[in-house]
2 protein chains.
Amino acid sequence: MRTLQVELGERSYPIHIGPGLLKRAELIKPHIHGKTTVVVSNETVAPLYLEAVHELIDKDRNTDIILPDGEAYKTAETLGNIYTGMLEAHCDRKTTLLALGGGVVGDVAGFASASYQRGINFIQIPTTLLAMVDSSVGGKTGINHPLGKNMIGAFHQPQCVLIDTNTLNTLDDRQLSAGIAEVIKYGYINDPEFIDWLNQNMDKLLEREPEALAYAIYRSCQHKAEIVAADEKEAGQRALLNLGHTFGHAIETGMGYGKWLHGEAIAAGMVMAAELSREHGWIDDADVEAMRALIAKARLPVDPPAEISPQRFEKLMSIDKKVQDGVLHLVLMKAIGDSVVTSEFDPDLLKKVLARDVRR
Amino acid sequence: MRTLQVELGERSYPIHIGPGLLKRAELIKPHIHGKTTVVVSNETVAPLYLEAVHELIDKDRNTDIILPDGEAYKTAETLGNIYTGMLEAHCDRKTTLLALGGGVVGDVAGFASASYQRGINFIQIPTTLLAMVDSSVGGKTGINHPLGKNMIGAFHQPQCVLIDTNTLNTLDDRQLSAGIAEVIKYGYINDPEFIDWLNQNMDKLLEREPEALAYAIYRSCQHKAEIVAADEKEAGQRALLNLGHTFGHAIETGMGYGKWLHGEAIAAGMVMAAELSREHGWIDDADVEAMRALIAKARLPVDPPAEISPQRFEKLMSIDKKVQDGVLHLVLMKAIGDSVVTSEFDPDLLKKVLARDVRR
């Protein structure tokens, strides 16, 4: 087992990574302060792992809330159903919530725990690669709004993140690839050495070689923990974690939540960020080609869907959270493995990228 | 003008109290960091003061969101309407929200600002006595759930609280009395001297004598600021502010939100807390009688509504936020002006009070 610490003063917490951790009650127990718990999971994950989680807690004082599966359910309605379930079960301020599932479960259950009676403790038990390397760490919680992704939410740090890498064995190939998109992202933000490692080990990740997966998760969480510790509320550098996300969110919203997986949208979004960087002359054709090759090898899309017109794409991007005082900020690449948050890009070049008027 | 500071480290903020402050743009300007604003108000308050608020800000970069008036609208639906209005207006993370109105506007708009894009700045401009002395100070924000009052929300401190005491001139008598209930509460928590002052000055408050009102608001805010600074997230003594509230919330929920004003329910709730304290022998009959007399003089109810059966009352109290690990905590009086938060009360005596089997 590997353990990392997210350093946030009195809100610091551990991330435990390894096989079989769902059998290690001693890792969870110190983080359950009250007597009652609620496990929030979904229809896909619950049949696989809910029983194991019950063994970690006092199941006589626990309530399960099982959500439908999918990004389409990351809504105010689902959130309301969690509140109702918790109120009916008489959950109180000392109740600990355990989020068992992928990014959607973690985000919506995390926001429920941030807002139920103005905030209760929660524990993240991510079961998808994407949730393990990204959404379960760092305290971003929230839901989608019909007008924009992740527009409603809170910063609310978990007490602990428990990553049992064995749960990846039940993940389907498409979800695995979607998670790899976020792993690749860390390389392009600021770790060119990790890009090399990924180029050499992509086959192993796709074959679910346990040690390769564990290493990729550990290195990704290490990056995330470091960035979150330096900038919890995203006043500055945390925004780097959004590489590919402003483009990606527009794809997700434009296509309707759930049609493209988050990781797939982010994959295509990273390529668009690279293309825009290349149009500014910051990186070259070969860099973009190498990125496209790595992303394609991970079985991820390298181009946005043709269904979204350039005009609509631009409009969707204008309501991104990276807009400040009306100015769009993007994460772009000054060099490979050296990304920056900037509003200083040429809007005509952005239009060119959105119109797919780019070299291949 | 009087100014108080709520001391919360980097989240500290001023409370300005005085007549005509809605004309003093210099008090607001330092707390608006971005270029855009949104004013959330209601149908009753907006016609009276919205124009004055527009003069304090850049009204060309402002959006107004006007809610229906009343506790019945402190709901997830209203919250959703605020989000939609803000997204349609392209509000971003740097937008400042100004909450102009009573406790409902402050609570729901405050929670909108806590959760819009994971949190934006906001300013409280309370226009009811109740909001001035209680809900606008301290960062508690939230909405009601059909199963319980204030069950959903967040701690989110404002940048500034601007109390223009002139706005009390348009408040109706019933709302004024409801606010006085919370003023009286501070006396009974820990300020017996203030109880004496209130006994001597109640007529002046009801006649809206400006200096008496300003003093009562100042002294109330002083108490609240001190308690909040010592215990922002209600780990301990902040719960004292809920004197009368567990009983009161049960009245509000039991009667249907909006039927009894919050302050009215709290007034009757305080008497019930006093009665239960008297049943334990901590205070005597004369203390309860004096309290009933002061509350009656403020034109507030001294008994709960007969419509709620003792059984239903008990059930409603069991989902209060003061329940921890299944144990109900109440604010009771060890002596007049010396309240405590305790779970050590005799449940049979509570039943007696709920059954109205009490001496008068």
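So, chain A goes onto chain B with an RMSD of 0.0 Å, using a turn of 180° and a shift of 0.0 Å along the axis. The two copies are thus related as by a two-fold rotation axis. Keep in mind that this is a predicted model.

Okay, the interface. How many residues does each chain bring? It's 34 residues of chain A in contact with 34 residues of chain B. On the chain A side, at least two residues each come from H3, helix H4 (103-115), strand E7 (140-145), strand E8 (148-155) and strand E10 (323-324). Which of the elements gives the largest share? That's E8(A), with six residues. If you sort the chain A side by class, you get twelve nonpolar, 14 polar and eight charged residues. And 100% of the interface residues of chain A are interface residues in chain B too, so the copies meet through the same surface.

Now the sheet, starting with chain A. We have seven strands in an open sheet, ordered E1-E2-E9-E6-E5-E3-E4, and the pairing is mixed. At the edges you'll find strand E1 (2-6) and strand E4 (62-67) of chain A, each pairing on one side only. Ignoring direction, neighbouring strands are turned by 15° against each other on average.

Let me zoom in on the E4 end. Strand E3 (residues 37-42) of chain A pairs with E4(A) in the parallel sense, over six bridges. If you want a spot to click on, A:Ser41 sits opposite A:Ile66 in E4(A). Two helices come in around here. Helix H2 (residues 46-54) of chain A lies across E3, E4, strand E5 (96-101) and strand E6 (121-126) of chain A, and runs at about 165° to E3(A). Then helix H3 (residues 76-88) of chain A packs on the sheet, where it touches E3 and E4 of chain A, and its direction makes about 160° with that of E4(A). H3 should ring a bell: it's one of the elements on the chain A side of the interface.

Over to chain B. Its open sheet has seven strands in the order E1-E2-E9-E6-E5-E3-E4, again with mixed pairing. Strand E1 (2-6) and strand E4 (62-67) of chain B are at the edges with a single partner strand each, so one side of each has no neighbour in the sheet. Here let's look at another pair: strand E5 (residues 96-101) of chain B runs parallel to strand E6 (residues 122-126) of chain B, and five bridges join them. B:Ala99 stands opposite B:Gln124 in E6(B).

Last bit, helix packing. In chain A, helix H10 (residues 262-279) and helix H11 (residues 285-297) pack at an angle of about 175°, with axes 9 Å apart. That makes H10(A) roughly antiparallel to H11(A). Among the residues making this contact are A:Val271 and A:Glu275 of H10(A), plus A:Met291 and A:Arg292 of H11(A). The class split there is six nonpolar, no polar and five charged.

In chain B, take helix H9 (residues 245-255) and helix H12 (residues 310-318), which pack at about 110° with their axes 9 Å apart. Parallel, antiparallel or perpendicular? H9(B) and H12(B) are roughly perpendicular to each other, and H9(B) passes H12(B) in a right-handed crossing. From H9(B) you have B:Thr246, B:Ala250, B:Thr253 and B:Gly254, meeting B:Arg312, B:Phe313, B:Leu316 and B:Met317 in H12(B). That contact divides into four nonpolar, three polar and one charged.

Technical notes:
Residues are numbered from 1 along each chain as its sequence is written. Chains are lettered from A and ligands numbered from 1 in the order in which they are written. This is a predicted model: local features need pLDDT of at least 70, side-chain atom pairs count only at pLDDT 80 or more; totals for chains, interfaces and linings use all residues. Axes are lines fitted to C-alpha atoms, for helices over the stretch in contact, and angles run from 0 to 180 degrees between N-to-C directions. Helices (H or I, at least four residues) and strands (E, at least two) are DSSP runs, numbered from the N terminus. Angles under 35 degrees count as roughly parallel, over 145 as roughly antiparallel, 65 to 115 as roughly perpendicular and the rest as oblique. A crossing is left-handed if the near helix is turned anticlockwise from the far one by less than a right angle, and right-handed if clockwise. Two residues are in contact if their C-beta atoms, placed from the backbone, lie within 7 Å. Ala, Val, Leu, Ile, Met, Phe, Trp, Tyr, Cys and Pro count as nonpolar, Asp, Glu, Lys and Arg as charged, and the others, Gly among them, as polar. Copies are superposed by least squares on the C-alpha atoms of residues with pLDDT of at least 70 in both. Two strands pair if DSSP finds at least two bridges between them.
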